Amino acid sequence: HKGKYEHYMQKEIHEQPESLTTTMRGRLIRGGSCKAKTVLLGGLKDHLKTIRRSRRIIFIGCGTSYNAALAARPILEELSGIPVTMEIASDLLDRQGPIYREDTAVFVSQSGETADTLNALEYALENGALCVGITNTVGSAIARKTHCGVHINAGAEIGVASTKAYTSQIVVMAMLALAIGGDAVSSQARREAIIESLFELPRALKVKEVALMHSEGILAGEMKHGPLALVDENLPIFVIATHDACFSKQQSVIQQLHARKGRLIVMCSKGDAASVTVGGSCRVIEVPQVEDCLQPVINIVPLQLLAYHLTVLRGFNVDQPRNLAKSVTTE
Ligand code: UD1
Ligand code: F6R
């Protein structure tokens, strides 16, 4: 039920502090003063040893679920030390890409019924990989056919555009990275900081509403390899420049965009507004800073709201975009 909201998408965006709390419930253990903070994923505990021994972890999914995995990849590589590769399910099948017994294949799917992802799962099972599911739907085909997995417990998602499932998927994958990383002393401080940040996340998510304009995603490092040619005073550009290891790179991109008179909206960490407006005027959205691997969970919210308001303003159906289905059960 939509309750006080006009659309399911709007409801699901605003629900994220609660859906993330449910995703983490019973799975994060803060412990007492002398007890280390840990993660407990019931569905994986008997399989962690096998996962840690695998030669490669492959994330497989479609659409938004694929993108959630892309956001989680760095932390999984950092904490596990295992190479992580990415596969769009249909592309893996079209290529018949190699998969081995020594691989752990992680299938990310909100519905658990997406045909392409399901076909890729059958393919990985035939090739002998350990198959792990990250699904939102208990009893779904992907949840049943994987060897083990984690339910993201975000609650039913009705809007076709994935919002709360995306943030819960990232949080589960960060917890997966913590679980695989185990108790290595070298990364203990990092792990504890991430767990602390996970506890804080639902509170940090109470970001104010914004209504802006359309954007196309480009990595900072790619700007000078082409997209810079498109920039002029008419092109609205949304720059994500929250504080992380690439911040100085983003700052120089912002200066280049200012120099070409781009119409910038810059998303930055609280307190960084002054440093991103050097060299030209722009609109700024300050967001709370969290542990870098969880920053995508915060940064997506203004973008979700942007997509929502833009769609409503243009008079389109936000819960059921034309030509799309919530669950794509054909190839
Ligand atoms: C489980 C219970 C939860 C209970 C908790 C108490 C279910 C669905 N979950 O949660 O209600 O509160 O124990 O300890 O009954 N799985 C897959 N593939 C997937 C997703 C999950 O194979 O894509 C498997 C898991 O390996 C596990 C089972 O399904 O065997 C349940 O997974 P999950 O709900 O994530 O486990 P818990 O969090 O332990
Ligand atoms: C877009 C969207 C789709 C799905 C994709 C995979 O917002 O929802 O891109 O993410 O069809 O669906 P699931 O996650 O159910 O496998």
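Here is a quick tour of this structure, from the whole chain down to a few single residues.

## The chain as a whole

First, a word of context: this is a predicted model. The chain folds into 12 helices and 10 strands. Its radius of gyration is 20 Å, close to the 20 Å that the globule rule gives for 331 residues, so the chain is as compact as a globular protein of that length. If you lay the C-alpha trace along its principal axes, it spans about 55 × 50 × 45 Å.

How much of the chain is buried? Buried residues come to 50% of the 331. Contacts between residues far along the sequence count for a lot here: take the contacts with a separation of 6 or more, and 71% of them link residues 24 or more positions apart.

## Surface and charge

The chain exposes about 16,000 Å². Carbon and sulfur atoms supply 52% of that area.

As for charge, there are 35 positive and 33 negative side chains. Work out the centre of each set, and the two centres lie 4 Å apart.

## H7, just ahead of the opening helix

H7 sits in the segment before α1, the helix that covers 8-14. Is H7 buried or exposed? Its relative accessibility is 19%, and because buried means under 20%, H7 counts as buried.

Who does H7 meet there? Leaving aside residues up to four places away in sequence, H7 touches K2, Y308, V312, V318 and D319. One of these, Y308, also makes a polar contact with H7: their side chains are joined at 2.6 Å.

## M223, tucked into a loop

M223 belongs to the loop between α9 (188-204) and β8 (236-241). Being in a loop doesn't leave M223 out in the open: with a relative accessible area of 10%, M223 is buried.

Setting aside residues up to four places away in sequence, M223 touches I218, L228, V231, V253 and L257. Take V253 from that list: M223 and V253 are 30 residues apart in sequence, yet their C-alpha atoms are 7.7 Å apart in space.

## Two residues with positive phi

Which residues other than glycine have a positive phi? Q96 is one of them, with phi near 50 degrees. Look for Q96 in the loop between α5 (89-95) and β5 (103-109).

N323 is another, with phi near 70 degrees. N323 lies in the segment after α12, which runs 295-313. With a relative accessible area of 77%, N323 is exposed.

Conventions. Residues are numbered from 1 along each chain as its sequence is written. Chains are lettered from A and ligands numbered from 1 in the order in which they are written. This is a predicted model: local features need pLDDT of at least 70, side-chain atom pairs count only at pLDDT 80 or more; totals for chains, interfaces and linings use all residues. Side-chain values use heavy atoms; hydrogens and water are left out. Helices (H or I, at least four residues) and strands (E, at least two) are DSSP runs, numbered from the N terminus. The radius of gyration is taken over C-alpha atoms; the globule rule is 2.2 Å times the number of residues to the power 0.38. Buried means under 20% relative accessible area, exposed over 50%, partly exposed in between (1.4 Å probe, protein chains only). Contact means heavy atoms within 4.5 Å. Accessible areas come from the Shrake-Rupley method with a 1.4 Å probe; for residues, only the protein chains shown count as cover. Lys and Arg count as positive and Asp and Glu as negative; His and the chain ends are not counted. The place of a charge is taken as NZ of Lys, CZ of Arg, CG of Asp or CD of Glu. A polar contact is a pair of N or O atoms within 3.5 Å; within protein, one must be able to donate a hydrogen and the other to accept it, and residues adjacent in sequence count only if both atoms are side-chain atoms.
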